[in-house]
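The following paragraphs lead the reader through one molecular structure, beginning with a single contact and proceeding to the wider architecture. The reader is invited to keep the sequence and the model at hand.

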Amino acid sequence: MGKQAPNRPIDPDIWLALGSIPDFPIFKLINQFLGIVIGREAKGYVPERSMKQSLIILTFLLSISATAEPWDKLVNELTESRTLTELKEAKSNFYSRHDRTPLTRSLDFGYEYTVWEFDFVHGNYSTDFKISVISVNDSIVFGRLERLHWRGRTEESIKFSTIEKELESLVSQHNSFFSTNYEIDEFISELSEEYYYSLGCGETGSERPKEADKMLNWVRAKNIKKLTKWLCSPNYELQAYAIDGLTRIEEAGNSLPDHVLTIIEHLRTRNSVVINCSGCLMGLETPVNTLLFEYRNRK
C-alpha cells in the first residue's frame with residue numbers, strides 16, 4: 001500500500017468494491033496517488049484547479065485498472081485450486097491462443113512435477129503465464145504462478161497451495177535416496193531452473209549449452225564427483241547430462257561406484273522426459289532412454 005494520511009485511511013473494502021485485489025502495480029500506483037491527494041487536501045494544499053486535474057488523472061488510472069480485473073479473476077481462480085484437476089478446470093474458463101500441453105514428470109516417491117505455459121487473452125491485451133506444480137495423488141503440495149515478460153523473464157510470482165509437511169517429506173526422501181542435503185527452497189529452485197539437453201544445436205549443430213561443455217570437460221578429466229552431483233539433482237536435464245557423462249567414462253573402461261550405478265539404473269527405469277534440442281528443433285521432449293541410449297544400442 002502507498003502512504004496514507006492518518007485521518008483518511010483507504011479502507012480495503014474500497015478495493016473490494018472495485019472488484020479487484022491490489023496485488024498488481026496499477027493498484028499500488030492508484031493508492032499512492034490517492035494518498036498524496038488526500039494528504040494535500042487535508043492540509044489545504046489542493047486548489048480547485050489542481051483537484052480537477054487530480055480527478056482527471058484518477059479517472060484515467062481507474063479506466064486502466066478496469067482492464068486488470070479479468071486478469072485478477074484468472075489469478076484468483078488458479079491460485080485457489082487445491083488439485084491438478086481443479087487447476088485444469090479453472091484454466092479452461094479462460095481463453096488462450098498459445099496453450100502448451102502441461103508437462104508432468106515423476107519426482108519419485110509418488111510425487112510429480114508439472115509445468116504449464118499459456119497466454120491469457122482479454123480484448124487487445126495478452127499476457128504469458130507459467131504454472132509450476134508439485135503434486136501427489138493429484139493434490140497440489142506446492143504451486144507457483146508466474147506472470148512473464150514477453151522476453152520470458154518473470155515479472156511477478158505467486159506461490160499457492162503449499163503444504164510444508166509434504167514438501168519436507170519429498171525433500172527428505174530425495175536426500176535419503178540420493179545422499180544429498182537439499183533444503184526445501186534450494187530443492188525447488190534447482191528443480192525449476194530451465195535447462196535443455198543438447199550436444200549440438202543450430203543449423204550446423206555447432207552450438208551447445210554451457211552445461212554440455214561442462215559435462216564434456218568433466219568426462220575428459222574423469223571427474224566422477226562433479227557428474228555425480230548433477231546425477232543427484234532434482235533437475236531432469238542436469239540428470240541427463242550426468243547420465244551421459246558418467247556412461248561415457250564407463251565406456252572408456254573406467255569403473256563407476258556402485259551407488260552411482262544404482263542411481264543411473266533407477267533414473268533409466270523412471271525414464272522421465274528430458275527437454276532437448278536437435279539441430280534447429282527446440283523444445284523437444286524425449287524420454288531419457290531414447291535420448292541417451294538408443295544410439296548406443298545401435299553401435
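A polar contact of 2.9 Å joins the side chains of Ser 272 and Arg 270. The model in which this contact is found is a predicted one. Ser 272 belongs to the loop between H10 and strand S6 (273-278). Is Ser 272 buried or exposed? Its relative accessible area is 8%, which is under the 20% limit, and Ser 272 therefore counts as buried. If residues up to four places away in sequence are set aside, Ser 272 touches Ser 106, Tyr 236, Leu 267, Thr 286, Pro 287 and Val 288.

Ser 272 and Arg 270 also appear together in the lining of the largest cavity, where they are accompanied by Tyr 236, Gln 239, Ala 240, Ile 243, Leu 267, Val 273, Val 274 and Val 288. This cavity has a volume of about 80 Å³. The structure holds 3 cavities of 30 Å³ or more. At least two residues of the lining of the largest cavity come from each of H9, H10 and S6, and H9 provides the largest share, 4 residues. By character, the lining of the largest cavity consists of 7 nonpolar residues, 2 polar residues and 1 charged residue.

From this cavity the account turns to the nonpolar cores. In soluble globular proteins, nonpolar side chains tend to be buried together. The largest nonpolar core here has 28 residues, of which Leu 231, Ile 243 and Leu 292 touch the most other members. Two or more residues of this core are given by each of helix H7 (210-220), helix H8 (224-231), helix H9 (236-251), helix H10 (258-270) and helix H11 (288-292). Which element contributes the largest share of this core? It is H9, with 7 residues. Leu 292 is in contact with Tyr 197, Ala 240, Ile 243 and Asp 244, once its neighbours within four places in sequence are left aside. A second core, separate from the one just described, has 17 residues, including Val 115, Phe 142, Val 171 and Tyr 182.

Two buried residues in the strands may be considered next. Ser 135 lies in strand S3, and its relative accessibility is 2%, so Ser 135 counts as buried. Apart from residues up to four places away in sequence, Ser 135 touches Leu 84, Gly 110, Tyr 111, Glu 112, Ile 140 and Val 141. Ser 135 and Thr 104 are 31 residues apart in sequence, and their C-alpha atoms are 9.8 Å apart in space.

Leu 145 is placed in strand S4, and its relative accessibility of 3% means that Leu 145 too counts as buried. Its contacts, without residues up to four places away in sequence, include Val 75, Leu 78, Thr 79, Phe 129, Ile 131, Ile 158 and Phe 160. Leu 145 and Thr 79 are 66 residues apart along the chain, while a distance of 7.5 Å separates their C-alpha atoms.

The pockets complete the description of empty space. About 540 Å³ of space lies in the largest pocket. Of its 22 lining residues, Arg 100, Val 115, Glu 117, Glu 194 and Ile 275 are the closest to its centre. Strand S1 (103-108), strand S2 (111-122), helix H6 (184-192), H9 and strand S7 (281-287) each supply at least two residues of this lining; S2 gives the most, with 4 residues. The lining of the largest pocket divides into 10 nonpolar, 4 polar and 8 charged residues.

The second largest pocket has a volume of about 390 Å³. It is lined by 20 residues, and those closest to its centre are Glu 117, Lys 130, Leu 148, Gly 152 and Glu 194. The elements that give two or more residues to this lining are S2, strand S3 (125-136), strand S4 (139-148) and strand S5 (154-160). In the second largest pocket, the lining divides into 4 nonpolar, 6 polar and 10 charged residues.

Finally, the chain may be viewed as a whole. It has 12 helices and 7 strands. Of its 299 residues, 44% count as buried. Among contacts in the chain with a separation of 6 or more, 53% are between residues 24 or more positions apart.

Notes:
Residues are numbered from 1 along each chain as its sequence is written. This is a predicted model: local features need pLDDT of at least 70, side-chain atom pairs count only at pLDDT 80 or more; totals for chains, interfaces and linings use all residues. Side-chain values use heavy atoms; hydrogens and water are left out. A nonpolar core is a set of buried Ala, Val, Leu, Ile, Met, Phe, Trp, Tyr and Cys residues joined through side-chain atoms within 4.5 Å. Buried means under 20% relative accessible area, exposed over 50%, partly exposed in between (1.4 Å probe, protein chains only). Contact means heavy atoms within 4.5 Å. A polar contact is a pair of N or O atoms within 3.5 Å; within protein, one must be able to donate a hydrogen and the other to accept it, and residues adjacent in sequence count only if both atoms are side-chain atoms. On a 1 Å grid over the protein atoms alone, a cavity is a set of points where a 1.4 Å probe fits but cannot get out, and a pocket is an open set with protein on both sides within 12 Å along at least five of seven lines; lining residues have an atom within 4 Å of a point. Grid points are joined across faces, edges and corners, and a volume is the space filled by probe spheres set on the points. Ala, Val, Leu, Ile, Met, Phe, Trp, Tyr, Cys and Pro count as nonpolar, Asp, Glu, Lys and Arg as charged, and the others, Gly among them, as polar.
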